[in-house]
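User: I am a first-year student, and I would like a careful look at one part of this protein, set against the whole.

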Amino acid sequence: MLSLRYKLALYYLAVLSIVMLVCGVAIYGYISRSLVRTIDESLDHQVLKLEQIANLSTYDLPSEEPDTLPLNSPESDAIPIALHLMQVINQRGEIKTDSYANPNDEIAADLNALQQLQAGQTRHDTVVAPSGETLRLATRRARGHDNADFYVRVGYSLAALQQARKRLLLIFGIAIPLALLLSGFGGLVLANQALQPVDSITKAAEQIGAGDLTERVPVPAQPRKMDEIGRLAATFNTMIARLQAAFERQKQFTSDASHELRTPLAVMRGELEIALRRPRAPEEYQRTLGSNLEEIIRLSRLVEDLLMLARADAGRVELQCEPLDLAALCGNTVEYITPLAEQREQTLSYQAPPQPITIHADQQRLKQLLLNLLDNAIKYTEPHGKITLGLTVEQQHATLTVADTGRGIPAEDLPHVFDRFFRRSAKTSDRSAPGSGLGLSIVKWIVEAHGGTIVVESQVGAGTVFTIRLPLA
Ligand code: ADP
């Protein structure tokens, strides 16, 4: 298989050869034709002169004997070419007067051909004389004073024209192959240069295939000067960067997940080992089992969340969407979670809108979304704080707000709260709030799967507001 650079150079060469050949033939044809035309024009002029002279001489020299005309006489010196032949032929096709540059140049008069001419008409022929000389002839049917037609003929050697043609062919024969050779080489160099970046992309791709995602393809420094290949390189780099980021995230996710699973398992194992060291009172076993059960519940929740996110990543979570009244769903959820808020002596308020608000959504997922947000609000708000769930409709959208008067989220954390395993409490000494850091990631996924958006605003010490917009059914 020919490489692309050779193919490009070959195509280029083929097209150029055709163009040069066509141009060469056209130039050659045009030059020879215009040379012959120039000769013909001169011959026309000469043949007229000869007609005049012959007409004069029929009066002055009525002799029957063939006479010799002065070839290239001073009367005809207005014509720049030197004639090779002059003939005056009578009606019967007899040469009455003639003159030749070379005695062997005599051309016989063919009466049949001559008679085809109309009076006053001139025709041109190319003939080979007995001497081997190629001659261009102009033959004219002239009308004599006695009203008897006769013929005059002049001839010019085409030797010089043939020479010129030969030279032209020679020049073309050398110049065209030379030009093709040079441009073929130039085409190869150009194709080579143009395809150089493709080679580096291929090399980089091979490196990346070998597992090195840090490799990048060289890209022209100025984006404005980027050609197709430059854009390909840039696109390739962006793709690899995204691949690398996804790969890093995946690694981070796996390591975070194992870490989250390891801690509770270590706690449970420790408690059980201590409990088993010697026989204990039933209450002690009960306490250990109770504490283990708590950890197991937490672990199952975590595993469920992880599974849900993994499925979401793989695009395998099917939403069971149906028309549902968001106002009623909010009412139910608030009712369900109120005991939790009451435990912390917080007020949880929800002002239900007067009419149902119908959206097309998966009820289970939306309930999970509300629970996660309300649970967070309760968790991160001090006792006696206030939590408000709001629901309004505006421009084809239902807007849900979950506001609390809790501790707030520091500005530097705001961009990260939706990241997986992001937990403020884990970074500070506050480990009181149980949670895996997956809650908000799941919330965000649910909102986006329903075609909605979520934003968070917060002020440290004053409270946090999550605002969700979902399209109406
Ligand atoms: P977690 O399981 O830790 O609650 P989330 O994904 O639900 O995980 O939340 C991530 C982090 O965002 C929390 O650790 C907390 O620091 C912060 N956060 C979430 N909701 C609130 C809120 N209502 N008020 C203050 N901080 C919040």
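How many helices and strands make up the secondary structure of the protein? After that, please take me closely through helix α9 and what covers its buried residues.

Analyst: The model shown here is a predicted one, and its secondary structure comes to nine helices and 13 strands. Before turning to α9, it helps to have the whole in view. The C-alpha trace spans about 165 × 60 × 35 Å along its principal axes, and the radius of gyration is 53 Å, whereas a compact globule of 473 residues would have one near 23 Å. Of those 473 residues, 36% are buried, and among the contacts with a separation of 6 or more, 65% join residues that lie 24 or more positions apart. The accessible surface comes to about 28400 Å², with 58% of that area belonging to carbon and sulfur atoms.

Helix α9 covers residues 439-449, and its buried residues are Leu440, Ser441, Ile442, Val443, Trp445, Ile446 and Val447. In general, an α-helix has 3.6 residues a turn, so residues three or four places apart point the same way. The cover over the buried residues of α9 includes two other helices, α5 (282-313) and α7 (363-379), together with the strands β12 (453-459) and β13 (463-471). After α9 comes Gly451, which has a positive phi, near 75°.

A second helix, α6, gives a single residue to examine alongside α9. Thr333 is found in α6, which takes in residues 326-343. Is Thr333 buried or exposed? Thr333 is buried, because its relative accessible area is 0%, and a residue counts as buried when that value is under 20%. Leaving aside residues up to four places away in sequence, Thr333 touches Lys367, Leu370, Leu371 and Leu374.

Finally, some care is needed about how far to trust each region. The average pLDDT of the protein is 87, and 92% of the residues score at least 70. Over residues 73-79, however, the pLDDT is below 50, and this stretch has eight contacts in the model beyond near neighbours in sequence. Residues 426-432 also stay under 50 in pLDDT, and for them the model has five contacts beyond four places in sequence. Where pLDDT is low, the predicted coordinates should not be read in detail.

Notes:
Residues are numbered from 1 along each chain as its sequence is written. This is a predicted model: local features need pLDDT of at least 70, side-chain atom pairs count only at pLDDT 80 or more; totals for chains, interfaces and linings use all residues. Side-chain values use heavy atoms; hydrogens and water are left out. Helices (H or I, at least four residues) and strands (E, at least two) are DSSP runs, numbered from the N terminus. The radius of gyration is taken over C-alpha atoms; the globule rule is 2.2 Å times the number of residues to the power 0.38. Buried means under 20% relative accessible area, exposed over 50%, partly exposed in between (1.4 Å probe, protein chains only). Contact means heavy atoms within 4.5 Å. Accessible areas come from the Shrake-Rupley method with a 1.4 Å probe; for residues, only the protein chains shown count as cover. pLDDT is the predictor's confidence in each residue, from 0 to 100.
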